[in-house]
Amino acid sequence: MAFIVGQGTIGGTLMDVGFDLYGALMVLSATMSYLHARPGPMAEFSDWLDALMVFFFYISNLIVAEFVIRAGRQKRTGSADLSVSALFVAASAFIAFVIWMFAANTWGPKIASGLTL
């Protein structure tokens, strides 16, 4: 965040604010995770589902980036563009489904129980 404040980003002020906000929220999230995990057992934090989600959070983005970079700006047929679009829609639907399942079965109920008024 210090680099962004000092040098700025290529996207200008709006991108600077966006990355700074993202960084601040990541620091806050890490701090809150530590504070909530410290007093009790770490069983909830060492669940294999959390490790799996962390792994696929990065891998899915890297796969898409690699695909886009390799495709470049080559001439493609309409059917190739349609196939790629269908693949991206299917991948997006899969990611949305997985996030929904994680939220409904792991995070959601725990978060909702902490939001009692």
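**Exercise 1.** Does Leu-28 count as buried, partly exposed or exposed, and at what relative accessibility?

*Solution.* Keep in mind that this is a predicted model. Start with the location: Leu-28 lies in helix α2, which spans residues 13-37. Next, take the cut-offs: buried means under 20% relative accessible area, exposed means over 50%, and partly exposed is in between. Leu-28 has a relative accessibility of 47%, so it counts as partly exposed.

**Exercise 2.** Find the residues that make a nonpolar surface patch with Leu-28, and give the patch area.

*Solution.* Collect the partners of Leu-28 first: they are Leu-21, Leu-25, Met-32, Tyr-34 and Leu-35. Then read off the area, which is about 590 Å² for the patch.

**Exercise 3.** Now turn to Asp-16: classify this residue as buried or exposed, and list its contacts beyond four places in sequence.

*Solution.* Place the residue first: Asp-16 belongs to helix α2. Its relative accessibility is 18%, and the buried class lies under 20%, so Asp-16 counts as buried. For the last step, set aside the neighbours within four places in sequence; Asp-16 is then in contact with Ile-4, Gly-8 and Thr-9.

**Exercise 4.** Step back and describe the whole chain by its secondary structure, burial and surface.

*Solution.* Count the elements: there are four helices and zero strands, in the order α-α-α-α from the N terminus. Then consider burial: 6% of the 117 residues count as buried. Finish with the accessible surface, which comes to about 9,900 Å², with 73% of this area belonging to carbon and sulfur atoms.

Conventions:
Residues are numbered from 1 along each chain as its sequence is written. This is a predicted model: local features need pLDDT of at least 70, side-chain atom pairs count only at pLDDT 80 or more; totals for chains, interfaces and linings use all residues. Side-chain values use heavy atoms; hydrogens and water are left out. Helices (H or I, at least four residues) and strands (E, at least two) are DSSP runs, numbered from the N terminus. Buried means under 20% relative accessible area, exposed over 50%, partly exposed in between (1.4 Å probe, protein chains only). Accessible areas come from the Shrake-Rupley method with a 1.4 Å probe; for residues, only the protein chains shown count as cover. Patches are made of residues with over 30% relative accessible area and no salt bridge: like charges are joined within 9 Å, nonpolar side chains (Val, Leu, Ile, Met, Phe, Trp, Tyr) within 5 Å. A salt bridge is a side-chain nitrogen of Lys or Arg within 4 Å of a carboxyl oxygen of Asp or Glu. Contact means heavy atoms within 4.5 Å.
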